[in-house]
Amino acid sequence: MQPTSDFDPGKLAKSLLRRSRQGALATLMAGSGDPYCSLVNLASHPDGSPILLISGLAVHTRNILADSRVSLMLDERAAGDPLEGARIMLSGHAEQADADKDLLRRRYLAAHPSAEAFVSFKDFSFYRIRPTGTHLVAGFGRIVDLKPGQFLTDLTGAEDLLAAEEGAVAHMNADHRDAMGLYATKLLDAAEGDWRCTGCDPEGIDMQEGQTVLRLDFPEWVADGTALRKMLVRLAGEARTKTDQSAKI
């Protein structure tokens, strides 16, 4: 099926990757090659690829060490019939993290604070899924196969932003929770809550309140900390303008 003209499959796939906190991980049983599926928690790398924190005692980890090929099913968790919501089946290779461990740890714990209790256990390790493609199903006439370049964020030229991300996230959560609330309620039509920032990248920021995750896309690509600060101030201004307009009605 070909997508309709008002449908942006890459944008939807990106959103699902950024907003998903759990998924069904399929691996191949070591020795037999039989399919094996398990439920896992996940977070996202700045480029959108999934981050896992898994135990070496788990069957799926032993399977990955024998054959790194995996698939990951993510869905919108839509109310009612789950088959009416969008979902992706991402295929790729799960690689144990040797580099960027601090980044993976920070982003994973931002998404799953309770993992702080066991993240340092010797049998737990971070893995990153390197996608080879994804199959998106988003309703009738909206079934598309995508290549990684269509749903991952190109980080080329964004080194300054990645270096500034940790400080920016901490600053937003410590000093600008009011702005986070405005982004959620006025720009994304979400319910009021204790919204906090869990990460940012050149294309947007991720916010979370309990188990609810939102993605706020930037209207323009952001490459460094200065541009990020200007963008966040701009978006806060737009949100406050909407607040003022609502008060006049």
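The following paragraphs lead the reader through selected features of a predicted model, beginning with a helix and moving on to salt bridges, a buried serine and a group of aromatic rings.

A suitable starting point is helix α1, which spans residues 9-19. Of its 11 residues, 8 are buried, so α1 is largely enclosed by the rest of the structure. The buried positions are Pro9, Gly10, Leu12, Ala13, Ser15, Leu16, Leu17 and Arg18. At the N-terminal end, Asp8 acts as a cap for α1, with a side-chain oxygen placed 3.3 Å from the backbone nitrogen of Gly10.

Lys14, also in α1, is partly exposed because its relative accessibility is 21%, whereas buried residues fall under 20%. The side chain of Lys14 forms a salt bridge with that of Glu203, with an N to O distance of 3.0 Å. This pair connects distant parts of the chain, since Glu203 sits in the loop between β9 (196-201) and β10 (204-209), 189 residues away from Lys14.

The bridge between Lys14 and Glu203 belongs to a wider set: 18 salt bridges are found in the whole structure. Another of them joins the side chains of Glu95 and Arg130, at 3.3 Å from N to O. Here the link runs between two strands, with Glu95 in β6 (residues 87-96) and Arg130 in β7 (residues 124-137), 35 residues apart. Glu95 has a relative accessible area of 37% and is therefore partly exposed. Arg130 is likewise partly exposed, with a value of 38%.

A further salt bridge pairs Glu165 with Arg107, whose closest N and O atoms are 2.4 Å apart. Glu165 belongs to helix α5 (residues 159-175) and Arg107 to helix α3 (residues 101-111), so the bridge ties together parts of the chain separated by 58 residues in sequence. Are these two residues buried or exposed? Glu165 is buried, with a relative accessible area of 1%, and Arg107 is buried as well, at 3%. Both residues also take part in a network of salt bridges with shared partners, which joins Arg18, Arg106, Arg107, Glu165, Glu166, Asp201, Asp206, Arg215 and Asp217. Through Arg18, one of the buried residues of α1, this network leads back to the helix with which the description began.

Attention now turns to a single residue, Ser49, located in the loop between β3 (43-44) and β4 (50-55). Ser49 counts as buried because its relative accessibility is 1%. Its side chain makes a polar contact of 2.7 Å with the side chain of Asp47. A second polar contact, of 2.9 Å, connects the side chain of Ser49 to that of Arg128. When neighbours within four places in sequence are set aside, Ser49 is in contact with Ala43, Ser44, Arg128, Ile129, Pro131 and Leu152. Arg128 thus appears both among these contacts and as a polar partner of Ser49.

The last topic is the aromatic rings. How many aromatic pairs does the whole structure hold? The search finds 3. One of them is formed by Phe118 and Phe124, whose ring centres lie 4.9 Å apart and whose planes meet at 45°, a tilted arrangement. Phe118 is partly exposed, with a relative accessible area of 27%, and Phe124 is partly exposed too, at 22%. Together with Phe121, these two residues are linked by ring pairs into a cluster.

Methods. Residues numbered from 1 in each chain as written. Predicted model: local features only at pLDDT ≥ 70, side-chain atom pairs only at ≥ 80, totals over all residues. Heavy atoms only, no water. Salt bridge = Lys/Arg side-chain N within 4 Å of Asp/Glu carboxyl O. Helix = DSSP H or I, 4+ residues; strand = E, 2+ residues; numbered from the N terminus. Buried < 20%, exposed > 50% of the residue type's maximum accessible area, 1.4 Å probe, protein only. Polar contact = N/O pair within 3.5 Å; in protein donor to acceptor, adjacent residues only side chain to side chain. Contact = heavy atoms within 4.5 Å. Phe/Tyr/Trp six-rings, centres within 6.5 Å; stacked < 30°, edge-to-face > 60°.
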